[in-house]
Every structure is written in structure tokens, then in C-alpha cells.
Protein chains: 4
Amino acid sequence: MPSLKQVIEQRDTRIGRGFDYAVQGLIVLSLVAFSVETLPDLGPVARRWLNVGEAVIVGLFTIEYLAWAWVATPTRRYIFSFYGLVDLCAILPFYLTAGIDLRSVRALRLLRLFRLFKLVRYSAAMRRFHTALLLAKEEIVLFLCLTLILLFLAAVGIYHFEHEAQPEAFASVFHSLWWAVATMTTVGYGDVYPITVGGRVFTFFVLLMGLGVIAVPTGLVASALTQARRLEAEEKNADGGDEARRD
Amino acid sequence: MPSLKQVIEQRDTRIGRGFDYAVQGLIVLSLVAFSVETLPDLGPVARRWLNVGEAVIVGLFTIEYLAWAWVATPTRRYIFSFYGLVDLCAILPFYLTAGIDLRSVRALRLLRLFRLFKLVRYSAAMRRFHTALLLAKEEIVLFLCLTLILLFLAAVGIYHFEHEAQPEAFASVFHSLWWAVATMTTVGYGDVYPITVGGRVFTFFVLLMGLGVIAVPTGLVASALTQARRLEAEEKNADGGDEARRD
Amino acid sequence: MPSLKQVIEQRDTRIGRGFDYAVQGLIVLSLVAFSVETLPDLGPVARRWLNVGEAVIVGLFTIEYLAWAWVATPTRRYIFSFYGLVDLCAILPFYLTAGIDLRSVRALRLLRLFRLFKLVRYSAAMRRFHTALLLAKEEIVLFLCLTLILLFLAAVGIYHFEHEAQPEAFASVFHSLWWAVATMTTVGYGDVYPITVGGRVFTFFVLLMGLGVIAVPTGLVASALTQARRLEAEEKNADGGDEARRD
Amino acid sequence: MPSLKQVIEQRDTRIGRGFDYAVQGLIVLSLVAFSVETLPDLGPVARRWLNVGEAVIVGLFTIEYLAWAWVATPTRRYIFSFYGLVDLCAILPFYLTAGIDLRSVRALRLLRLFRLFKLVRYSAAMRRFHTALLLAKEEIVLFLCLTLILLFLAAVGIYHFEHEAQPEAFASVFHSLWWAVATMTTVGYGDVYPITVGGRVFTFFVLLMGLGVIAVPTGLVASALTQARRLEAEEKNADGGDEARRD
């Protein structure tokens with residue numbers, strides 16, 4: 001007979017995993033309920049049932065919160081931990097007020113879904129992603145800095161070309177930044193676009209750089225993952241006695 | 001003189017391959033006919049000819065179906081197999097009813113086009129894709145989970161920023177999800193886009209993550225294909241006597 | 001004093017390269033003139049000058065054509081070669097008629113720009129691209145087939161979801177194919193997009209596959225180029241005496 | 001007590017780095033101020049404060065300029081250097097005139113932000129990018145040439161298909177080039193798109209090539225970065241005594 005502590009904290013036993021899945025399912029359910037509640041044309045009956053479901057879910061979350069606090073030694077180690085605060089944020093609004101907006105804080109509980117990945121099955125893939133991220137960390141920071149500079153330069157440039165022709169859409173550099181973001185990531189909503197010849201030629205060069213903005217992170221991920229796989233293989237070789245190389 | 005069984009089931013003889021190509025061509029033809037039939041401004045003559053063609057094609061499919069069932073031992077092995085059921089679905093609606101909608105089930109026969117790839121010529125490429133898919137399977141599942149979470153968070157975020165300013169376009173979290181999908185994949189139809197300052201700044205961060213959403217699967221495919229090629233080369237080396245490494 | 005033949009056919013001497021560059025420049029010039037001519041609000045003076053320039057350029061092309069025919073032995077080897085026919089197509093329309101449309105055939109001469117790449121400087125990069133293309137040829141064909149099938153399935157699917165709600169935009173499977181093309185390549189013009197709930201959910205899955213449609217060719221190019229570089233390095237090693245590995 | 005020269009020119013001491021960060025911060029601040037100034041609905045108070053801040057920032061830049069000129073031996077080596085001219089351009093407009101447009105020259109100072117990357121922390125990532133750029137230089141030039149040719153061919157093609165149906169949007173080959181740019185980079189603003197059947201089929205083929213336009217630079221970056229990492233690892237091995245291979 002496992003203790004409460006074992007049920008909650010262990011992940012490699014059957015009952016511990018069952019508890020984990022139940023909590024994850026509850027989180028997903030509460031998020032679906034939260035989303036349904038935002039639908040504009042809900043009838044009063046549906047709304048009442050959602051309120052009941054809301055109360056039940058918050059009740060279950062409260063029980064889970066208290067259980068975690070109970071098994072933690074000392075208790076405050078859980079309460080002041082990151083997940084402890086997140087869990088508190090997810091239930092507190094319900095008790096304090098009926099404020100609808102605050103309930104969206106529950107989205108924070110999505111962070112707990114990441115615990116899913118700590119389960120055994122996906123540990124290899126997760127570790128590889130993590131290794132790749134560490135390998136490419138500096139390049140990613142560098143890339144983000146360069147992207148921000150390029151975005152700013154693109155915004156200043158298009159502002160000068162289009163401000164007079166479209167004083168509404170390109171009212172300021174900040175308005176132009178919106179265009180730069182939508183263009184460089186190749187989203188292109190179509191709410192703002194250049195109409196002058198100069199602006200279009202400028203956009204051509206911006207888009208050439210935009211190809212780089214898409215190509216570089218992809219290349220980074222690809223090369224980092226490739227190296228992460230190689231490192232993994234070398235480790236395995238080192239562990240297993242180097243059969244592949246002992247020729 | 002090859003038997004019926006040989007004609008139908010073999011793929012490496014000339015007559016077997018000819019039979020295969022004929023069936024594939026018939027499938028493509030039936031799909032083209034199906035598409036043409038949806039054209040809104042067809043004259044009555046064209047429509048009559050399409051009906052005749054339809055009857056001929058279904059007749060040929062029926063003959064093929066019976067032939068497969070005939071050569072299979074026992075017969076029910078084909079009838080209850082996946083392709084047997086698909087083949088049945090493709091011809092049954094014609095006999096049961098003249099219902100136009102049901103005929104679209106024929107699209108399922110597209111699955112049979114995959115048999116094309118079993119032909120010898122593309123086996124190496126197909127096997128490499130398959131190896132790459134197996135290598136990257138866990139990462140792909142992980143990536144899909146992360147993408148779903150990001151989509152949900154993006155939808156909740158934009159809902160809070162834009163709901164008041166655009167109560168129609170961002171009526172609920174589900175409406176916002178549509179925006180999130182079109183934005184994160186950088187499609188950007190332009191039917192929904194943020195207009196508030198907060199919503200646009202939020203979109204900027206969503207798009208930065210969106211770059212990752214494009215970069216990661218590409219990187220996965222690239223690194224997995226690179227490794228698949230290396231494994232292939234190593235196998236060849238192991239088979240062929242390791243000339244390349246025996247230095 | 002180099003002969004006419006040497007000037008025209010050689011590419012590694014200074015005068016031969018000069019002749020090459022002159023012809024390339026003339027081609028670019030004629031294409032710019034062709035583009036300028038399509039401008040709707042040209043004055044009569046500009047139009048007259050363009051006609052003069054046109055005559056001069058065609059005259060020079062004719063001289064070049066005759067020179068190539070002169071130095072070729074036998075003459076008909078050039079005349080019936082691919083480039084000979086292209087060159088003829090580029091000048092013939094001017095002599096036969098004043099037809100404006102036919103002059104666009106000159107765009108074919110763009111093909112001659114490829115000769116630029118045969119120059120020494122870019123031969124290494126060109127050869128690497130070529131190797132990569134050969135390595136990935138089968139995968140590219142396979143990918144194109146899969147993409148076509150996916151496009152068709154996406155078009156049939158969206159037709160069923162949106163046909164009733166938008167009988168104009170999704171009038172037939174062919175109209176839906178246009179949507180499928182613009183969506184799967186993440187262009188998203190915004191002229192056609194789903195508005196029903198079913199159509200949007202379907203679009204979500206189409207876009208997930210669309211990510212693959214972008215990821216796979218990129219991954220193919222990346223892994224093929226990586227292998228092309230490796231093959232190149234191995235060749236160099238084999239030539240140079242394997243310093244790097246002889247440790 | 002470090003001399004003025006040491007404070008300004010050194011980057012690996014604490015005070016030198018502090019000076020560097022202060023200048024970078026000032027640059028970012030001046031750019032933010034420049035952007036805020038373009039907002040259309042600023043009150044007169046805000047505008048006055050911006051003018052004051054402008055004067056202060058230019059004053060500080062002037063002091064920095066004089067300090068650099070002071071420590072440089074000889075002085076003209078700084079004044080006529082690239083950064084010296086950039087720095088001059090950033091302060092001169094303020095003294096010459098109150099012209100608002102000229103102040104945008106300050107954007108040039110963004111170039112100085114690149115000095116940030118010379119700091120120690122990111123040197124490895126920067127060097128790797130640089131190596132990758134050198135490795136892929138020829139391919140990038142080749143790719144850009146091919147892209148320009150494809151863009152031109154796409155523009156000529158769509159002009160012929162759509163000119164009659166949409167004489168406004170596809171008024172000339174230059175107008176069509178705008179469509180080609182927005183389509184091939186998959187931005188798809190939605191301001192111009194084909195409506196004829198021929199134009200749409202043509203767009204399909206253009207987009208297939210557009211996939212390549214996205215795939216090739218990504219693949220280039222990925223394979224070049226992969227090789228840059230390998231070269232780095234080999235150098236490290238060569239330096240460190242080849243532990244990894246001496247098995």
C-alpha cells in the first residue's frame with residue numbers, strides 16, 4: 001500500500017503515473033472549460049453547468065494543492081517553489097472573487113503540462129532537444145539581436161518611403177515596426193503593405209534578409225540537432241566498447 | 001503464360017508492372033473525373049459523358065476487386081484487409097445509390113497511389129525517409145505537443161488583448177485559435193489580425209516563437225535525413241569490406 | 001592576334017571572357033528594355049528611343065548569331081543546337097513581324113545567363129549544388145508526388161467543408177486546389193480562406209502537413225549539401241595523402 | 001588609475017567594458033527617442049522634452065567623438081575611419097540644421113551596435129557564423145543570381161497571364177515583379193494575386209520553385225554551420241592531443 005507521498009511524488013510506479021495523468025487530464029479539462037466559457041452565444045443552462053464544473057475543478061485543484069503541501073518537508077518548500085506559486089495562482093482567484101478575467105491565470109498551469117515530458121518515454125528526445133539548445137544558445141542570442149536590429153532598420157526605412165503616401169498605415173516608426181514584423185517573418189497579413197516604388201524596392205531587400213531570418217534559426221536547429229545526435233552516438237560508443245570504430 | 005495471380009500480385013515482372021500502372025492510371029483518371037464533376041457550369045452533354053465514364057470506371061474497379069478476391073487465399077484475407085475495404089468503399093456507393101457526396105469516398109483510393117512507391121526505383125529514397133521518420137519519431141511527437149501548447153497560449157493571449165477592440169474577429173478563445181494557427185504557420189490570410197498596440201507587441205513574440213515552429217521540424221528532418229544517410233553509408237561500408245576506413 | 005573563333009568560343013582567355021561579359025550585358029539590357037516597354041504610361045519619345053534600342057540590340061544579336069554560325073564546324077551543328085535555336089527565337093520575331101507579344105520570347109535568352117556560371121569562379125559551388133541535386137534526386141521526386149497527393153486531398157476536403165458556405169470561392173475542386181496551393185506553401189494571399197468551423201479545423205491539420213511540405217525540401221537540401229561537402233572533403237583527402245586521418 | 005585612452009579603447013577591463021555598455025545604452029536610447037518623435041499625436045510638452053533629450057544625447061555623442069579623436073594617434077586616423085565618419089554623421093545634422101529628416105542618419109549608428117558582439121562572450125558564436133558565411137559565400141552568390149533570374153521569369157510569366165484580366169495590378173513587368181517578390185518569399189500580402197486559371201496554374205509552379213527559394217538558403221546555412229562546427233572540433237582535437245580519436 002503506497003503512502004500519499006509516494007502516489008504524488010513518484011513517477012515510475014503505476015499508481016504515481018496514474019495520479020500524474022489524472023492531474024494532467026484535469027488541467028486540460030479546465031482549459032477547455034475556460035475556452036468554452038469565452039464563447040459569446042452560450043445559453044444560460046450551459047453557463048450554469050460550466051460554473052458547476054468550474055467549482056468542482058477548483059475544488060479538486062485545492063485538494064491537490066493541500067496534498068502537495070502536506071507531503072512536502074518542510075511544507076514551505078512547496079509553497080514557495082515555482083510550481084507551488086503557480087498552483088496557488090490557479091485556485092486563488094476563484095476564492096477571492098468571481099472576476100472572470102483573473103481566471104485566465106489558469107493558463108499558467110499549462111506550464112505543468114511540461115511535467116508530462118519528464119515521463120520516461122520521451123526523455124531521450126527531450127534530452128536531445130536540451131543538448132541542441134545548449135549547443136546553439138549563443139548563436140540563438142546573437143541571431144535574436146541581429147533580427148531586432150534588422151527589424152528596426154527595416155521599420156525606419158519603410159517609414160521614410162511610405163510615410164507620405166500612407167500617413168495612416170505608416171504613421172510612425174512604431175507603426176512601421178508592425179509592418180516589419182509581419183513582413184520579415186513572411187506572415188504578410190495584408191493590412192499594411194508598401195505602395196510606392198521606393199517602398200517596394202526596399203521591401204525586396206528586406207525580404208531577401210527575411211529569407212535569412214527564416215534560414216538561420218532553421219540552420220541552427222538542424223546543425224545543433226545533428227551534433228547532439230553525434231555526441232549521443234559517441235557517448236554510446238564510449239560506453240559500449242567502441243565496436244563501430246575498432247576495425 | 002503468366003497466371004492471373006502472377007499478373008495481379010507480382011511487381012517485378014513486366015506484365016505485373018503493366019497491370020499496376022494501368023490501375024494507377026485508372027485511379028488518377030477517376031479522380032480527375034470526380035474533380036471535373038464538381039465544376040458548377042458544366043453543360044448537360046458533358047455531365048452525361050461523365051456519368052458514362054463513371055460507370056465504366058466503377059465497372060473496371062469492380063472487375064479488379066473481384067480479381068483480387070479471386071486470387072487471394074483465402075478470399076476473406078483480401079476482403080477484410082485494409083486495401084480490400086478501401087477498394088470496396090470506392091465502388092459500393094455507385095451501386096447503393098446515385099448519391100454524389102458518397103462518391104468522394106473514392107479519394108480514399110488515393111491511398112493506393114502509395115503502392116507506386118513500392119516499385120523498385122524509389123525504394124532507396126523511401127527507405128531513407130522511413131529511417132529518418134523512425135529516428136525523429138519522438139522529437140516529432142514532442143514538437144507537436146509543444147506546438148499545441150504554444151497555439152493555445154497564443155490564442156488565450158491574443159483573446160485578452162483584442163477581444164474588446166474586435167469583438168467579432170476574436171469572439172472567443174476558439175476564434176482566437178484560428179488566428180493563432182494562421183499566424184504561427186506564417187500563412188497570414190489577413191482575415192484576422194491584431195489592431196491594438198498590446199496585441200501587436202504580443203504578436204511579435206508569438207511570431208518569434210513561430211520562427212521556431214517552422215525551424216524545428218525542418219531541423220528535425222534535416223538532421224534525421226543526415227543521420228539516415230550516414231547509417232546507410234556505414235551499412236554499405238560494413239557490407240563492402242570497409243575500404244574507406246581501412247587506412 | 002586571336003582568331004574570331006577563339007574570341008567567341010574560349011572562356012579562359014581575357015578577350016574570350018570579355019566577349020562573354022559583353023553578350024551577357026547585352027542580354028540583361030535587352031530584358032530591361034523589354035520590361036520598360038510594358039510600362040503603361042510611356043511617352044511617345046521614350047517609346048521611339050526604345051524602338052531604336054530594340055533595333056540596335058537585335059542587330060547586335062544577329063551579328064553574334066552569324067558569328068557563332070560562321071565559326072561552328074559544320075555550321076548546322078550550331079544552328080540545330082539548343083542554344084542555336086534559342087538565339088534564333090530571340091531575333092526572328094523582330095524580322096518577321098512587329099508583333100509585341102512575340103518579343104517576349106527573348107526571355108528564353110535568360111537561359112544563356114546560365115553560361116555565366118560556367119565561368120571558373122563559381123565552378124566549385126555549382127558542382128556542389130549539382131552533387132547535392134543528384135544525391136537528393138529520388139527524394140525530391142518522391143516529395144513532389146506526396147505533395148501533389150496532399151494538395152489534392154486538401155482540396156477535396158476543403159471543398160466539402162466550405163462549398164456550401166462559400167459557393168463562389170470554393171465553386172469546385174479546382175477552385176479549392178487554388179486555396180490548397182496558397183495555404184500549403186504558407187503564402188496565404190487572403191483571397192480565399194475557410195469560414196466554417198469544420199473548414200478551419202481541417203485547415204489546421206492541412207497546415208500541420210504544410211509545415212512538413214516546407215520542412216522536407218529544406219531538410220533534403222541541407223542533408224544533401226552536407227553530404228556533398230563530405231564527399232568533396234573525402235576526395236580531397238584521397239588526393240592529398242590523407243594527412244587529416246593519418247594520426 | 002586608467003588613462004582616458006585605456007577607458008575608451010580597451011574592452012577586456014572592467015572600466016573599459018563599462019564605457020562600452022554606456023555608449024551602447026546611449027545609442028539605443030537615442031534610437032528610441034528618434035522613434036517616439038515620429039509618433040503623430042504627441043503633445044507639445046512631450047515634444048519639448050524630446051528636444052531637450054535630443055540636445056543632451058547629441059552633446060554626449062559630441063564629447064565621445066572628441067574623446068575618440070583625442071586618444072587616436074594620429075587624430076585623423078579616427079576621423080577618416082569608417083566609425084569616425086559614422087559618428088560624425090550622427091551628430092553633424094543637429095548642429096547644421098533643425099532638419100528632422102537628417103536626424104534619421106543616426107540609424108547608421110546602429111552599425112556601432114555590432115561592436116557589442118566583439119565582446120568576449122559571443123566571440124565563439126560570431127566566429128562560427130563567420131566561418132559558415134565564408135564556407136557558403138559562393139553558394140549564396142549563386143543562389144541570389146538564380147533567385148533574381150527566377151523572379152524575373154515569374155514576373156514575365158504572370159504579366160502575360162494576368163495583364164488583360166487585371167490591367168491595374170499587373171500593369172507592367174515591374175508591377176508583376178512586386179507580385180513575384182511577395183509570392184516567392186511566401187509573404188503573400190494579398191494586394192495582388194492571380195485570378196485567371198492560367199495565372200493560378202502558373203503560380204502553382206512558381207510556388208514549387210518558391211519552396212526551393214526558401215529551402216536552399218536554409219540548407220546552405222545548416223550545412224555550412226554543421227561543417228563550421230566540425231572544423232572547430234577538429235581544430236580543438238588537433239590542439240588538445242586527439243583524445244577523442246586515440247582509441
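By what turn and what shift along the axis can chain A be laid on chain B? The model is a predicted one, in which local features need pLDDT of at least 70, side-chain atom pairs count only at pLDDT 80 or more, and totals for chains, interfaces and linings use all residues. Residues are numbered from 1 along each chain as its sequence is written, chains are lettered from A and ligands numbered from 1 in the order in which they are written, and side-chain values use heavy atoms, without hydrogens and water.

Two copies of a chain are related by a rotation about an axis and a shift along it. Here, a turn of 90° and a shift of 0.0 Å along the axis lay chain A on chain B with an RMSD of 0.1 Å. This is the relation of a four-fold axis. The superposition is by least squares on the C-alpha atoms of residues with pLDDT of at least 70 in both copies. Only 18% of the interface residues of chain A are also interface residues in chain B, so the copies meet through different surfaces. Contact means heavy atoms within 4.5 Å.

Helices are DSSP runs (H or I, at least four residues), numbered from the N terminus. In chain C, the axes of helix H2 (residues 14-37) and helix H3 (residues 44-71) come within 10 Å and cross at roughly 150°. Axes are lines fitted to C-alpha atoms over the stretch in contact, and angles run from 0 to 180 degrees between N-to-C directions. Among the residues making this contact are Phe19(C) and Leu26(C) of H2(C), and Leu50(C) and Phe61(C) of H3(C).

Two cis peptide bonds are described next. One joins Thr73(A) and Pro74(A), with omega about -10°. Pro74(A) sits in the loop between H3 and helix H4 (75-79) of chain A. Another joins Thr73(D) and Pro74(D), again with omega about -10°. Pro74(D) is in the loop between helix H3 (44-71) and helix H4 (75-79) of chain D. Thr186(A) is not a glycine, yet has a positive phi of about 60°. Its place is the loop between helix H7 (173-184) and helix H8 (197-240) of chain A.

A salt bridge is a side-chain nitrogen of Lys or Arg within 4 Å of a carboxyl oxygen of Asp or Glu. The count comes to 16 over all chains. Arg128(A) forms one with Glu232(A), the closest N and O atoms being 2.9 Å apart.

Terms used:
Helices (H or I, at least four residues) and strands (E, at least two) are DSSP runs, numbered from the N terminus.
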